[in-house]
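I opened my notebook to work through one structure slowly, writing down each thing I looked up and what I found there.

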Amino acid sequence: MHYFILNPGSQSFGSRTFRSKLIGQLKQSGIEYKLYATRRPGHGRELSRAISSRDPHATIIAIGGDGTIHDILSGLTNISTVTFGVIPYGSGNDFARGMHIPASPQKAISAVISPKAFTEMDIGVLTDKTTERFGVSCGIGFDASVCHEALESPIKNFLNHVGLGNLTYAVICLKQLALYEPCIISIDTDDGSHFDFPKAYFTAVMNQKYEGGGVKMTPEAEPNDGLLDVIVASDMSRGKISRVLPMAFFGKHTKAKGLHFIKCKDVTITCSRELAVHLDGESGGVRSRIHAGLEKERLRVITG
């Protein structure tokens, strides 16, 4: 059975035209399916938990953006036996980009109806005040502040409306950069390594290469290598960061002085003050410490 969980708030998914086309294509395919629309924050999590508990071999498809995917991943049970698919239609679509899922919704629909390729994907997990999963990344500091503002900003709604939603984070990033004050960040990894960064802007823990709407933050990251890729920006002037960040869209920033890259299975990040936290671009509140690792089980994802 195929279960589709649709977020009506993702870009134009309130469109009856799209829903009609989707339902028409599903009926034409002859597959058994059920279509659910989320009605409130956290509803996708409730639906995926109920579906995967009831049907351990279900195929569950997220229709929406990275936030929708995050919500559904956080509710999954029977991770090793369910199959996961994505029809991307959000502002950033970094999960789909990193997993090589077709960007075109129509091609993505065809892929989940008649899959030709699968990838066994690691799932990140943040354990601190609560336990949350992430498919793309989690982060603390400057990049999370950008995500927090993007969630509430009219800029995002406007750029989504004109089809330029992936620019949301870039526009807000420039605004935040002028205001953000760096702090001390310490990092401890599973192999016993310890790092101190006295004037850090942010730390991002990546499961994929991309975050923030196509920023190739950690070019060496792979979603199925059993490792997390950590990036830290420290001891850099605002001017230098403003020059380096655009290079990250092309993955050309990795040699810049002040950027540090760490591969690990497990990481604890401690900050000298409370900072914004994000998971897959969604708010994780404000914290001074986070701990990230990987689920023991991998998830089978439709990729083509």
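These entries go through strands, one histidine, cysteines, salt bridges and a sheet.

**Entry 1: the kind of model**

Before anything else I noted that this is a predicted model, and I kept that in mind while reading each value.

**Entry 2: strand β13 and its partners**

I started with strand β13, which covers residues 267-279, and I asked which strands pair with β13 and in what sense. Strand β8, residues 137-141, pairs with β13 in the antiparallel sense over three bridges, and within that pairing I found Cys138 with Leu279 of β13 as its bridge partner. Strand β9, residues 183-189, is also antiparallel to β13 and is joined to β13 by five bridges; here Ser186 has Thr270 as its bridge partner. Between β13 and β14 I read eight bridges, again antiparallel, with Ala276 facing Val286 of β14 as its bridge partner.

I then looked at how the chain passes from β13 to β14, and found a hairpin with two residues between the strands. Asp280, in the turn, has a positive phi of about 55°.

**Entry 3: His278**

Is His278 buried or exposed? Its relative accessibility is 1%, and because buried means under 20%, His278 counts as buried. His278 lies in strand β13, so I wanted to know what surrounds its side chain. The side chain of His278 makes a polar contact with the side chain of Asp143 at 3.3 Å. A polar atom of the His278 side chain also lies 3.3 Å from the backbone nitrogen of Gly281. Leaving aside residues up to four places away in sequence, I listed what His278 touches, and the list includes Ser137, Cys138, Gly139, Asp143 and Glu211.

**Entry 4: the cysteines**

How many disulfides does the structure have? The count comes to zero. I recalled that a disulfide is a covalent bond between the sulfur atoms of two cysteines. I checked Cys138, whose closest cysteine sulfur is that of Cys264, 10 Å away, which is too far for a bond; the cut-off for a disulfide is 2.5 Å. Cys264 is likewise in no disulfide, with the sulfur of Cys138 as its nearest cysteine sulfur. Both residues turned out to be shielded from the surface by the accessibility rule: Cys138 is buried at a relative accessible area of 0%, and Cys264 counts as buried at 3%.

**Entry 5: salt bridges**

I found that the structure holds eleven salt bridges, and I looked up some of them in turn. Arg40 forms one with Glu46, and the closest N and O atoms are 2.6 Å apart. Arg40 is partly exposed, with a relative accessible area of 40%, and Glu46 counts as partly exposed at 37%.

Asp71 forms a salt bridge with Arg45, where the closest N and O atoms are 3.3 Å apart. This pair links distant parts of the chain, since Asp71 sits in helix α3 (residues 66-75) and Arg45 in helix α2 (residues 43-54), 26 residues apart. Both Asp71 and Arg45 are buried. Following these two further, I saw that Arg45, Asp71 and Glu132 are linked in a network of salt bridges.

What does the salt bridge between Arg298 and Asp122 tie together? The side chains of Arg298 and Asp122 meet at 2.8 Å, N to O. Arg298 lies in the loop between β14 and β15, and Asp122 lies in the loop between β5 and β6, so the pair ties together parts that are 176 residues apart in sequence. I also compared their burial: Arg298 counts as partly exposed at 33% relative accessibility, whereas Asp122 is buried with a relative accessible area of 4%.

**Entry 6: the open sheet and its helices**

My last search was for a sheet, and I found six strands forming an open one in the order β2-β1-β3-β4-β15-β5, with mixed pairing. The edge strands are β2 (33-37) and β5, and each of these pairs on one side only. From one strand to the next the twist averages 25°. Within this sheet, strand β1, residues 2-6, runs parallel to β2 and is joined to β2 by five bridges, with Tyr3 standing opposite Lys34 in β2.

The helices that carry the Asp71 and Arg45 pair came up again here. Helix α2 lies across β1, β2 and β3, and runs at about 170° to β1. Helix α3 lies across β1, β3, β4 and β15, and runs at about 150° to β3.

Key. Residues numbered from 1 in each chain as written. Predicted model: local features only at pLDDT ≥ 70, side-chain atom pairs only at ≥ 80, totals over all residues. Heavy atoms only, no water. Helix = DSSP H or I, 4+ residues; strand = E, 2+ residues; numbered from the N terminus. Buried < 20%, exposed > 50% of the residue type's maximum accessible area, 1.4 Å probe, protein only. Polar contact = N/O pair within 3.5 Å; in protein donor to acceptor, adjacent residues only side chain to side chain. Contact = heavy atoms within 4.5 Å. Salt bridge = Lys/Arg side-chain N within 4 Å of Asp/Glu carboxyl O. Pairing = 2+ DSSP bridges. Axes fitted to C-alpha atoms, helices over the stretch in contact; angles between N-to-C directions.
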